[in-house]
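Biologist: I would like to start small, with one single spot in this protein, and then see how it fits into the rest. Please take a close look at one residue for me and build the picture outward from there.

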Amino acid sequence: YMVASPNDESKLFLETAPEFKLNFATNEWIYWKTPRMEELDESVGDIFAAICDREFQLANLIRNKVLEWHDKVLDACSLAAELDCVLSFAVAAVERDFCEPSLVKEAVLYIEEGRHPLCELCTQTFVP
């Protein structure tokens with residue numbers, strides 16, 4: 001427990017207050033303590049350090065729980081990425097008026113009024 005004040009003229013006020021004792025100072029702040037603050041340090045301890053310790057414990061607990069599900073989380077992310085890709089293709093097909101190809105058993109490739117999607121997007125004058 002401490003009181004912090006800017007390292008400027010306000011320190012003159014706290015220097016004259018009998019219950020405030022200078023603890024330490026930086027270029028920007030001066031840290032003061034009173035006897036009551038010292039009592040709280042003794043009885044309760046450093047709350048900030050306790051909070052940081054508990055925060056670290058909880059973060060570790062969460063990390064360990066997530067690691068238990070590591071494989072399933074990666075599988076879900078992979079499926080979500082695949083779904084995102086397929087949906088992007090579907091949206092592009094609708095927006096660009098693409099059609100579904102007809103597949104045949106013969107080893108032929110016949111394209112009628114075909115166009116390359118990237119060429120179409122990258123040039124101002126696209127001729128199919």
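Modeller: Let's start with T34, which is buried because its relative accessible area is 10%, and the cut-off for buried is under 20%. Please keep in mind that this is a predicted model. Where does T34 sit? Its place is in the loop between strand 3 and helix 2, and that helix covers residues 35-43. What does T34 touch, once residues up to four places away in sequence are set aside? The answer is E19 and F20.

Being buried is worth a pause here, as buried residues make up 9% of the 128 residues in the protein. T34, at 10% relative accessible area, belongs to that group.

Now step back from the loop into strand 3, which covers residues 29-33. Strand 3 pairs with strand 2 (residues 21-25) in the antiparallel sense, over 4 bridges. You can find two of the facing residues yourself: L22 stands opposite W32 in strand 3, and A25 stands opposite I30 in strand 3. Strand 2 and strand 3 also form a hairpin, with 3 residues between them.

Strand 3 has another partner too. Strand 1, residues 3-6, is joined to strand 3 by 4 bridges, and these two run antiparallel. Here the pair to look for is P6 and W29, as W29 in strand 3 is the bridge partner of P6. While you are looking at strands, a general point may help: in a regular strand, the side chains alternate between the two faces of the sheet.

For a contrast with T34, try E28. E28 has its place in the loop between strand 2 and strand 3. Is E28 buried or exposed? E28 is exposed, because its relative accessible area is 59%, and exposed means over 50%. Even so, E28 has company: leaving aside neighbours within four places in sequence, E28 is in contact with S5, P6 and N7. You have already met P6, the bridge partner of W29 in strand 3. How far is E28 from K72, C-alpha to C-alpha? The two are 50 Å apart in space and 44 residues apart in sequence.

Next, let's follow the chain into the helices. F48 lies in helix 3, which spans residues 47-68. F48 counts as exposed, with 60% relative accessibility. The C-alpha atoms of F48 and V73 are separated by 34 Å, with their positions 25 residues apart along the chain.

Further on comes D97, in the loop between helix 4 (70-95) and helix 5 (117-122). D97 has a positive phi of about 60°, although D97 is not a glycine. D97 is exposed too, at a relative accessible area of 62%. L121 lies in helix 5 and is exposed, with a relative accessible area of 52%. L121 and R96 are 25 residues apart in sequence, and their C-alpha atoms are 9.8 Å apart in space.

Now for the whole protein. How many helices and strands are there? There are 5 helices and 3 strands, and from the N terminus on, the elements run β-α-β-β-α-α-α-α. The protein is more spread out than a compact globule, because its radius of gyration is 34 Å, well over the 14 Å that the globule rule gives for 128 residues. Along the principal axes, the C-alpha atoms fill a box of roughly 95 × 45 × 20 Å.

A few totals finish the view. Among contacts with a separation of 6 or more, 34% are between residues 24 or more positions apart. The accessible surface of the protein comes to about 11,500 Å², and 62% of this belongs to carbon and sulfur atoms. There are 11 positive and 24 negative charges, and their mean positions are 6 Å apart.

So where does that leave our starting spot, T34? T34 is in the loop between strand 3 and helix 2, and T34 is buried, whereas E28, F48, D97 and L121 are exposed.

Definitions and conventions:
Residues are numbered from 1 along each chain as its sequence is written. This is a predicted model: local features need pLDDT of at least 70, side-chain atom pairs count only at pLDDT 80 or more; totals for chains, interfaces and linings use all residues. Side-chain values use heavy atoms; hydrogens and water are left out. The radius of gyration is taken over C-alpha atoms; the globule rule is 2.2 Å times the number of residues to the power 0.38. Buried means under 20% relative accessible area, exposed over 50%, partly exposed in between (1.4 Å probe, protein chains only). Contact means heavy atoms within 4.5 Å. Accessible areas come from the Shrake-Rupley method with a 1.4 Å probe; for residues, only the protein chains shown count as cover. Lys and Arg count as positive and Asp and Glu as negative; His and the chain ends are not counted. The place of a charge is taken as NZ of Lys, CZ of Arg, CG of Asp or CD of Glu. Two strands pair if DSSP finds at least two bridges between them.
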